Amino acid sequence: RGNDWRLIIAGSIKKGHNEYWANIENMIEQHDLSGNIMRIIEFIPDQNVERYFKAADVAILPYRHIFQSGVLLLAYNFGLPVIAADVGALRQDIIEGETGFIFRAESPEDLAEKISQYFASDLYRNLKSNRKRIIDYASKQYSWHTIGEITSTAYSSLLKT
């Protein structure tokens, strides 16, 4: 919708997924989107990861199948909201409208709707202050202390049975 957007696709192609990537490249060319899409299709060294997260307005995770995503936690670490597919545990990790949005997996229409919803939301309009809130949320929710308490409680409950 419109031409005032940019997409960065960054990272290497997983082994065995070259045909999938070729299909994406073909769609980009067919729809004349090359001017809007920056493709960095290579391994991103750790020291360069930060620049992509800081340059972005939102991270989009269109997974089909996954249990958990380190990318989501990395995005949160940089205060970046996430729009993710409703797969695995991602629904539990995203607070709708506060840290991101969830869309139906494998539904480009629902993804497009969530992207529009995001850019019309206070989460985007107040992104600078919301980045701090997301960092604070992630620091508290996923700190070693919090994870340790959860693990300790789980083990304690097992020992009582």
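Begin this tour of a predicted model by selecting F119: at 35% relative accessibility, this residue counts as partly exposed. Next, add Y118, which counts as buried because its relative accessibility is 0%. The rings of Y118 and F119 form an aromatic pair of the edge-to-face kind, with 4.9 Å from centre to centre and 75° between the planes. The structure holds six aromatic pairs. Extend the selection to F101 and Y124, which form one aromatic cluster together with Y118 and F119.

**The whole protein**

Now display the full chain. Of its 161 residues, 31% count as buried. The C-alpha trace spans about 60 × 40 × 35 Å along its principal axes. Colouring by secondary structure will bring out eight helices and five strands. Followed along the sequence, these elements give the pattern β-α-β-α-β-α-β-α-β-α-α-α-α. Among contacts between residues at least 6 apart in sequence, 49% join residues at least 24 apart.

**Helix α5**

Select residues 108-119, which make up helix α5. At 1.5 Å a residue, the 12 residues of α5 should span 16 Å, and the 17 Å between its end C-alpha atoms agrees with this. Which residues of α5 are buried? They are D110, L111, K114 and Y118. These residues cover an arc of only 100° around the axis, and therefore lie on the same side of α5. A general property of helices is relevant here: an α-helix has 3.6 residues a turn, so residues three or four places apart point the same way. Turn the view to the other side of α5, where P108 and E109 are exposed. To see what the buried residues of α5 pack against, show β3 (59-61), β4 (82-85), β5 (100-103), α6 (122-125) and α7 (127-141).

**Strands β4 and β5**

Keep β4 and β5 on display. These two strands run parallel and are joined by four bridges. Select I83 and its bridge partner in β5, F101. Within β5, F101 and F103 point one way, G100 and I102 point the other way, and all are buried.

**The nonpolar core**

The largest nonpolar core has 30 residues. Select L72, Y76, V82, I83, A84, I94 and Y118, the members that touch the most other members. Two or more residues of this core come from each of α2 (46-55), β3, α3 (70-77), β4, β5, α5 and α7. In soluble globular proteins, nonpolar side chains tend to be buried together. Centre the view on I94 and leave aside its neighbours within four places in sequence; what is I94 in contact with? The residues are L72, Y76, V82, A84, T99, G100, F101 and I102.

**Helix α7**

The last stop is α7. This helix has 15 residues and reaches 20 Å from its first C-alpha to its last, close to the 21 Å expected at 1.5 Å a residue. Its buried residues are L127, N130, R131, I134, Y137 and A138. Look down the axis of α7: the buried residues fall within an arc of 130°, so they line one face of the helix. Rotate to the face turned away from this buried side, and select the exposed residues K128, K132 and K140. Finally, show what covers the buried residues of α7, which includes α2, α3, α4 (90-93), α5 and α6.

Definitions and conventions. Residues numbered from 1 in each chain as written. Predicted model: local features only at pLDDT ≥ 70, side-chain atom pairs only at ≥ 80, totals over all residues. Heavy atoms only, no water. Phe/Tyr/Trp six-rings, centres within 6.5 Å; stacked < 30°, edge-to-face > 60°. Buried < 20%, exposed > 50% of the residue type's maximum accessible area, 1.4 Å probe, protein only. Expected span 1.5 Å × (residues − 1). Arc of directions from axis to C-beta. Contact = heavy atoms within 4.5 Å. Core = buried A, V, L, I, M, F, W, Y, C linked by side-chain atoms within 4.5 Å. Pairing = 2+ DSSP bridges.
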